[in-house]
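Student: I should like to learn how backbone and side-chain features are read from a model. May we work through some cases together?

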Amino acid sequence: MIDLRSDTVTRPSDAMREAMAAAEVGDDVYGEDPTVAELEAEVAGLFGKEAGLFCATGSLSNLLGVWLHTQPGYEVLCDSYAHIARAEMGAHGALSGVTMRTWGSDAGRLVAHDALAMAAVDCRPYLVETACIEVEDTHNFGGGTVQDYDELQKLSSGARELGLATHLDGARLANAVAVTGRPLSDYGALFDTVSFCLSKGLGAPVGTVLVGSADEMARARVQRKRLGAGWRQAGVLAAAGLVAVRENMTRIADDHRAAAALAASINEACPGAVDESAVETNIVLIPVPGAPAVARRLAEKGLRISVLGPDALRAVTHLDVTEGECVAAGQVIGAELAAASA
Ligand SMILES: *Cc1c(COP(=O)(O)O)cnc(C)c1O
């Protein structure tokens, strides 16, 4: 079975399991888990931020990041296909009391001017006041799109001029960095808070680190506890996260090569089926009518990929699949697409 549904399906490596077994731990609600503290400090340092907060999921980290910058009755601006808007179960509205207004985009690509033009500042009592702008890099539903750093810079300086906070959903920022070659601190410099997943391409079993100022992380720690998500000897998980950050950042480019090979292999079996030039990182979008039925047939052939909608499938490469397996998977997918369109 080859599983290309997501880069979250990876199993912890031997090095991670060894680090987990050996981790020094303590009660993190009492602030006494040294391994959690080490992970939080190390990731914060990579971003040039004062502090970090280890969270169980990226959804929790995004929830806390946006919450820090908003209040009930205020709005956050984001892409209409943003993870925070589509995939977090309405948490920002249901739990933080904020509304969202969204911009449209080409494959999730940020155009700073369009985003900034939507801001409502000093418009009360006529309009909902904007508090925060959120950006995703890479863009998941856009197909792993890498944001143009110049646009991120324009967004950051524009937001600061307007007095708006910014949050970066960096669930796959490691993938963006593998393409731009920029250090994480270049991203930390632009955004007030960043959510950085360890359990996507970096391969940790669990966890995301939120980074920001020391004051913000102290407030987020209280809100995390309020949500029932304080944790105790979480150092066993943080230990795996440290291995992920230290060992797996540099190999992410392998996943991008595997995704390109997968797309080429699909097109070899079914010419023109996917847009190879749109494969920027580890995600391959496959447009096909009747996508759920195609996915079911692929599963019968030992290949799992995810259904993005009625007309689209998504394959994601990760550290538990080789480039050779991706080429083989591409042949199976391509043959299925060719049969479906025949
Ligand atoms: C996966 C993902 C998250 C976080 O997901 P969790 O399952 O809550 O860890 C956030 N943003 C994006 C863009 C993602 O792809």
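Student: In which loop is threonine 138 found?

Tutor: In this predicted model, threonine 138 belongs to the loop between β5 and α7 (149–162). The peptide bond that leads to threonine 138 from aspartate 137 is cis, its omega being near -5°.

Student: Which residues does the other cis peptide bond, with omega of about 5°, join?

Tutor: That bond joins arginine 124 and proline 125. Proline 125 sits in the loop between α6 (112–117) and β5 (130–136).

Student: What is the sign of phi at aspartate 122, which is not a glycine?

Tutor: Phi of aspartate 122 is positive, at about 55°. This residue also lies in the loop between α6 and β5. Alanine 107, likewise a residue other than glycine, has a positive phi near 55°, and its place is the loop between β4 (99–103) and α6.

Student: Is aspartate 122 buried or exposed?

Tutor: The cut-off for exposed is over 50% relative accessible area. Aspartate 122 has 68% relative accessibility and therefore counts as exposed. Alanine 107, at 30%, counts as partly exposed.

Student: With which side chain does the side chain of serine 277 make a polar contact?

Tutor: The partner is the side chain of aspartate 275, at 2.7 Å. Serine 277 lies in the loop between α12 (252–269) and β9 (283–287) and is exposed, with a relative accessible area of 63%. Its C-alpha atom is separated by 8.9 Å from that of alanine 260, 17 residues away along the chain.

Notes
Residues are numbered from 1 along each chain as its sequence is written. This is a predicted model: local features need pLDDT of at least 70, side-chain atom pairs count only at pLDDT 80 or more; totals for chains, interfaces and linings use all residues. Side-chain values use heavy atoms; hydrogens and water are left out. Helices (H or I, at least four residues) and strands (E, at least two) are DSSP runs, numbered from the N terminus. Buried means under 20% relative accessible area, exposed over 50%, partly exposed in between (1.4 Å probe, protein chains only). A polar contact is a pair of N or O atoms within 3.5 Å; within protein, one must be able to donate a hydrogen and the other to accept it, and residues adjacent in sequence count only if both atoms are side-chain atoms.
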